[in-house]
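Welcome! Take a moment to look over the sequence and the model, and then let us walk through them together.

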Amino acid sequence: MTGPVRGRTAARHWTATARWLLLVPPIAMAYAMLALGTHPTAAENPLPYITDTLTGIVLTVAGLLLWSRRPGRRTGPLLVAAGWLWYVGDAFIVAPSGTLAPYLGFALHGFYDPILALVVLSFPDDRLPGRAERWCVGALTALTVALATVRLFATPPGFGPGYAPSDPSSPLLVIDNVDTALGLNLFLRFLIGPVMFGVAALAVRRLVTLRPSARYVAAPVLAGGAAWTTFIAFGSIDGFLSYALGIPILADGDVWNSIGYATRVLGPLGILLGVSRLRDRTSSVVEIVAGPLGAPQGSDLEGALRQAFDDSSLQLAYPSATGWAGADGQPVDLDGLPPSRAATILDSGGVPSAAIIHDEVLLDDPTLVRTLTAVVRLAVDNERLQADLRTQLEEVRASRARIVEAADAERRRVERDLHDGAQQRLVALAVSLRTIRVRLGPDANPAALAELDAAAVEVKAAIDELRELAHGLDPAILREAGLGPALQSLADRSPIPVRTDLQIDGRLPARVETTAWFVSAEALANVAKHAQATTATLTARVADGWLRLSVADNGVGGADLSGSGLRGLVDRVAATDGMLTVQPAPGGGTVLAVAIPCAS
Amino acid sequence: MRTTLLLVDDHAGFRARARVMLEAEGFDVVGEAADGRSGLAMAERLHPDVALVDVQLPDISGFEVAAGLRTSDSARRIILISGRDEAEYGERAARSSADGFIAKADLSGDMVRAASG
């Protein structure tokens, strides 16, 4: 699995990197134009000339950014094409005069207008929102095709690539009547003006009605696009009126030049700014599932997806007893969604597992929908697996508690059997021996009396040993008097002196008391057997719903949790959801500490 | 006159041997009971000088029997006995209504006399 995925990712990475080579021709062309300086406007208006020359590079960069952040969409490559087309109109600078190349470039150059309109009006969803937008782009495309045809076949002097009356005619010239050619040219340019105004108006309308969440990204593009198309529109109309009718509507003064210059600079920069604000949604989605906290779940996942997909109303729904329910548990009616919303249903083995309710615009981008469903499926699967894991852990925990409980019950049973069986028989035997001793009287055979006394001592020792054994299995004092007295009794029975500090009021849950007692008993036994300690301290206190207990000694230290005895204690404490630690004591020796939740 | 004694213990074997031993040591075992409530009823009827009561009984505990005997004043002296040692019952044995505690393994006429004062 890993190999091919890594391979595809690497290939995609290299393709994306190699795509930036598309910047080379615009840069080379801009360099040529600036270095040669033979363009007619280069000397007249150097600054606008420089910025205009760089515009194609700006558009290409914006296109490449758009391409990488919205792979599979048409606007990225189209914007790159617009960046290239920006320069083909100036091919006459480098192409041999009198050939077809300058005219071909000049004809194609105009196509950046419809591309620009398409990119601006469909940003950022790559979809023209209405009929007016589609009509404008269509009309602009048709007019550009017509204008390109005129530029190739009916170029009047002064309207060719170099804008100079002395330019050679197009090699494809068909209509050599200057008036006709001029009229066609100016008329088409005049018609482009109102359409461009329409584009500007539609951009402004979209700007005003933008969703707040989309404004940050789309506003610079729409504002820049509106300003730029307005400028082009004025230029087209002004050109027609001033050339054809001799009535310039725009003063050829500084103000107009400044406004024109500003829009020519701000337009492309606005587009670049807006595009650069577009998040890479695939990356955002990858961040969601591969973030430091893992894939979010429930409402967190919903929030993360809303952010990643710029859709504040995106909602997740899951199958419920009555149909579908949101992450908040509220019912969701997938059949009653408004037309602007769409539901994508995920299934697992043919059974619906989740539904994503999103802006229906997303459906235009199959890649994005696939990404979205993959992320949600991953998160839902992850959530299900985590739930399974939690259930299994809970089962293991409960099973461990049951095992400890069963072991305790068995221990109690054995203690009872010892107490009621063997111990009672031995006690009865001791009493019988005592009776025999009394009945024999003081004058009996001394050897027989001595033997009888020895037997009585043996029986008493056996009873004591049995009692100690039974006590270790299930101390009656723990059952009768609780943990505090039981721990005190433990300390009193220890072969080495044990100082106690016990702050336990009342009784604790039986499981807690038994665990704490066994841990203390085992720890004190270990201290006596292995620690070479001269003293030990047993502390226990209950606070904030926790029993905290410790056994410290002044021995040689070196105890660790890997030993089977301590390992068993760790398991036993864990069965009560508690913790056990063993650490070296500050002045030497060992501290065994236990914390057990004991809130009832 | 021999000291009268009531034995309350659920182990019949122990009772039988204890009766023999205590009678050999000069006590008059006037009754035996196998549980706490029977012991209380028997004491009401017999008013023994000493009641030897096992701590662990099948119905009520020896502590409760001792408290009942004390309340009804039906036994002059009350002594708890157990197969376990006194320390295992902690302060509860000390705070009980009994006059003394004897581990069963240590039971003897002298111990009963000492405990019953």
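Where in chain A is confidence lowest, and where is it highest? This is a predicted model, and the lowest confidence in chain A falls in helix α1 (residues 2–19), with a mean of 59, while the highest falls in strand β7 (residues 536–543), at 95. Over residues 1–8 of chain A the pLDDT is below 50, and this stretch makes 0 contacts in the model beyond near neighbours in sequence. Where pLDDT is low, the predicted coordinates should not be read in detail. For chain A as a whole, the average pLDDT is 82, with 87% of the residues scoring at least 70.

Let us turn to the sheets of chain A. One is an open sheet of 5 strands in the order β3-β2-β1-β5-β4, paired antiparallel. Its edges are β3 (331–332) and β4 (341–348) of chain A; each has a single partner strand, so one side of each is left without a neighbour in the sheet. The partner of β4(A) is β5 (residues 351–359) of chain A, joined to it in the antiparallel sense over 8 bridges. If you would like to find one of these pairings yourself, look for A:Ala343, whose bridge partner in β5(A) is A:Ile357.

Another open sheet of chain A also has 5 strands, ordered β6-β7-β8-β10-β9, but here the pairing is mixed. Its edge strands, β6 (498–503) and β9 (579–584) of chain A, each pair on one side only. From one strand to the next, the twist averages 10 degrees. Within this sheet, β8 (residues 546–553) and β10 (residues 590–597) of chain A run antiparallel and are joined by 7 bridges; there A:Leu547 stands opposite A:Ile596. Helix α18 (residues 483–493) of chain A packs on the sheet, touching β6 and β7 of chain A, and its direction makes about 175 degrees with that of β6(A).

A second helix to look for is α19(A), which lies across β6, β7, β8, β9 and β10 of chain A and runs at about 10 degrees to β8(A). Helix α19(A) has 21 residues and reaches 30 Å from its first C-alpha to its last, close to the 30 Å expected. Just after α19(A), A:Gln532 takes a positive phi of about 50 degrees.

What lies inside? The largest nonpolar core has 85 residues, and those with the most contacts inside it include A:Ala516, A:Leu547 and B:Ile79. Helix α19 (residues 510–530) of chain A gives the most to this core, with 9 residues. Apart from it lies another core, of 66 residues, among them A:Ile57 and A:Ala227.

Technical notes: Residues are numbered from 1 along each chain as its sequence is written. Chains are lettered from A and ligands numbered from 1 in the order in which they are written. This is a predicted model: local features need pLDDT of at least 70, side-chain atom pairs count only at pLDDT 80 or more; totals for chains, interfaces and linings use all residues. Two strands pair if DSSP finds at least two bridges between them. Helices (H or I, at least four residues) and strands (E, at least two) are DSSP runs, numbered from the N terminus. pLDDT is the predictor's confidence in each residue, from 0 to 100. Two residues are in contact if their C-beta atoms, placed from the backbone, lie within 7 Å. A nonpolar core is a set of buried Ala, Val, Leu, Ile, Met, Phe, Trp, Tyr and Cys residues joined through C-beta atoms within 7 Å. A residue is buried if 20 or more other C-beta atoms lie within 10 Å of its own, exposed if 12 or fewer, and partly exposed in between; C-beta atoms are placed from the backbone. The expected span of a helix is 1.5 Å times one less than its number of residues. Axes are lines fitted to C-alpha atoms, for helices over the stretch in contact, and angles run from 0 to 180 degrees between N-to-C directions.
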